[in-house]
Amino acid sequence: MRRILSTYRYVSQPLTTELTEDIAQAGIEGIEIFCASSHFDYRSAQSVREVGSALEEYGLELHSLHSPTERDSASGHQSGVSISISDPERIRRLDAVDEVKRALEVAERIPFRFLVQHMGSGRQAADPRKLDAAFNSLEHLVVFAKQRGVTIALENKPDELGSPASLQQFVKDTHLNHLRFCFDTGHAHVESGVGPGFELMRERVVTTHIHDNRGEKDEHLLPYEGSIDWDAVLGAFASAAQPLPLVLELKERAPGAPAFDEICAAFDKLEKHLDEESAGATRAR
């Protein structure tokens with residue numbers, strides 16, 4: 001199992017060389033960088049060079065970027081203007097597409113495989129106007145990403161527009177067959193359940209967001225701290241056609257928490273249970 005950590009855990013602080021070193025020294029192999037300007041200024045060539053140099057120095061792979069969700073958010077907060085590729089207002093939609101393209105251009109300096117993308121912002125209904133806007137955006141962005149060696153992975157969200165069923169139907173209707181999915185365990189648990197959600201998305205899942213909650217709100221807890229049935233989840237993952245990267249996407253609970261020892265303990269537990277489930281799946285074949 002490859003250990004990959006989302007920097008969403010540290011989104012309230014800059015992604016410095018020192019933080020990169022700490023992540024590597026914890027035995028983590030790769031990261032997903034969350035594109036928030038106060039955390040990682042993906043528009044700045046200097047910032048991208050510095051992060052790229054730090055990743056190379058400490059032997060960390062950039063597995064993926066999380067597409068920006070807000071513009072000009074204040075330092076330490078996510079309180080900026082929402083970015084939505086499904087905005088029916090053309091000017092705002094084109095502005096969102098431009099912002100996503102700036103994030104994709106990072107691949108020209110630091111190669112990465114996946115851009116995790118939300119269909120919309122906040123909790124939204126599957127309005128036909130929003131779906132049309134998303135199609136217009138993604139039709140262009142898929143090509144722009146492919147030219148840079150990146151695959152766009154739509155992330156399931158706990159709303160109608162981003163639900164597993166909606167994402168699956170969207171790809172079927174639009175024939176945007178290069179799109180793939182990022183399966184988010186916490187979001188699925190809040191919505192229709194992890195098992196049913198994964199089954200709907202299974203064929204296109206290429207990466208994941210792993211976190212827990214108690215089934216009521218999106219808490220981004222460590223695995224096994226909420227009410228998700230991780231044995232069932234890892235059993236489903238073990239039966240996937242290709243091994244899935246497990247990307248821990250945690251939220252800072254308090255200053256310094258969860259700490260690296262807690263994060264590593266969660267990885268250890270996931271790896272042990274995944275190995276057990278994989279062995280069981282192999283025997284079943």
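1. Let's start with the sheet. In this predicted model, eight strands form an open sheet with parallel pairing, in the order β9-β8-β7-β6-β3-β2-β1-β10. Try tracing that order on the structure above. The edge strands are β9 (205-209) and β10 (246-248), each of which pairs on one side only. On average, and with direction ignored, neighbouring strands of the sheet are turned by 30° against each other.

2. Now look at the end of the sheet that holds β10. Strand β1 (residues 3-6) and β10 run parallel and are joined by three bridges. If you want a residue to anchor your view, take I4, which stands opposite V247 in β10.

3. Next, move to β8. On one side, β8 pairs with strand β7 (residues 151-155) in the parallel sense, over three bridges. On the other side, β8 runs parallel to β9, and four bridges join the two. F181 is a handy residue to follow here: F181 is the bridge partner of L154, and F181 also stands opposite V205 in β9.

4. How does the chain get from β7 to β8? The two strands and helix α5 (residues 164-174) make a right-handed β-α-β unit. Following that path on the model is good practice for reading a crossover.

5. Is β8 mostly covered or mostly open? β8 is mostly covered, with four of its five residues buried. F183 is a clear case: its relative accessible area is 0%, so F183 counts as buried.

6. F183 also leads us to the aromatic rings. The structure holds six aromatic pairs. One of them is F183 with F198: the ring centres are 5.3 Å apart and the planes stand at 70°, so this pair is edge-to-face. The cut-off behind that label is an angle over 60 degrees. The pair links distant parts of the chain, since F183 sits in strand β8 (residues 180-184) and F198 in helix α7 (residues 194-201), 15 residues apart. F198 is buried too, with a relative accessible area of 1%. Together with F237, F183 and F198 form one aromatic cluster.

7. Two rings have a charged side chain over them. R148 lies over the face of F144, at 3.7 Å from the ring centre. K269 lies over the face of Y224, at 4.3 Å from the ring centre.

8. What about the cysteines? The count of disulfides comes to zero. C35 is in no disulfide, and the nearest cysteine sulfur, that of C182, is 14 Å away. For comparison, a disulfide would need the two sulfur atoms within 2.5 Å. C35 counts as buried, at 1% relative accessibility. C264 is at 18% relative accessibility, and that value still counts as buried because the limit is under 20%.

9. Finally, a stop at a loop. Where does G256 lie? G256 is in the loop between β10 and α9 (260-284). With a relative accessible area of 46%, G256 is partly exposed. G256 and R9 are 247 residues apart along the chain, while their C-alpha atoms are separated by 9.7 Å. Pick out both residues on the model and compare their places in the sequence with their places in space.

Terms used
Residues numbered from 1 in each chain as written. Predicted model: local features only at pLDDT ≥ 70, side-chain atom pairs only at ≥ 80, totals over all residues. Heavy atoms only, no water. Phe/Tyr/Trp six-rings, centres within 6.5 Å; stacked < 30°, edge-to-face > 60°. Buried < 20%, exposed > 50% of the residue type's maximum accessible area, 1.4 Å probe, protein only. Lys NZ or Arg CZ within 6 Å of the ring centre and 35° of its normal. Pairing = 2+ DSSP bridges. Axes fitted to C-alpha atoms, helices over the stretch in contact; angles between N-to-C directions. Right-handed = clockwise from strand over helix to strand, strands pointing away.
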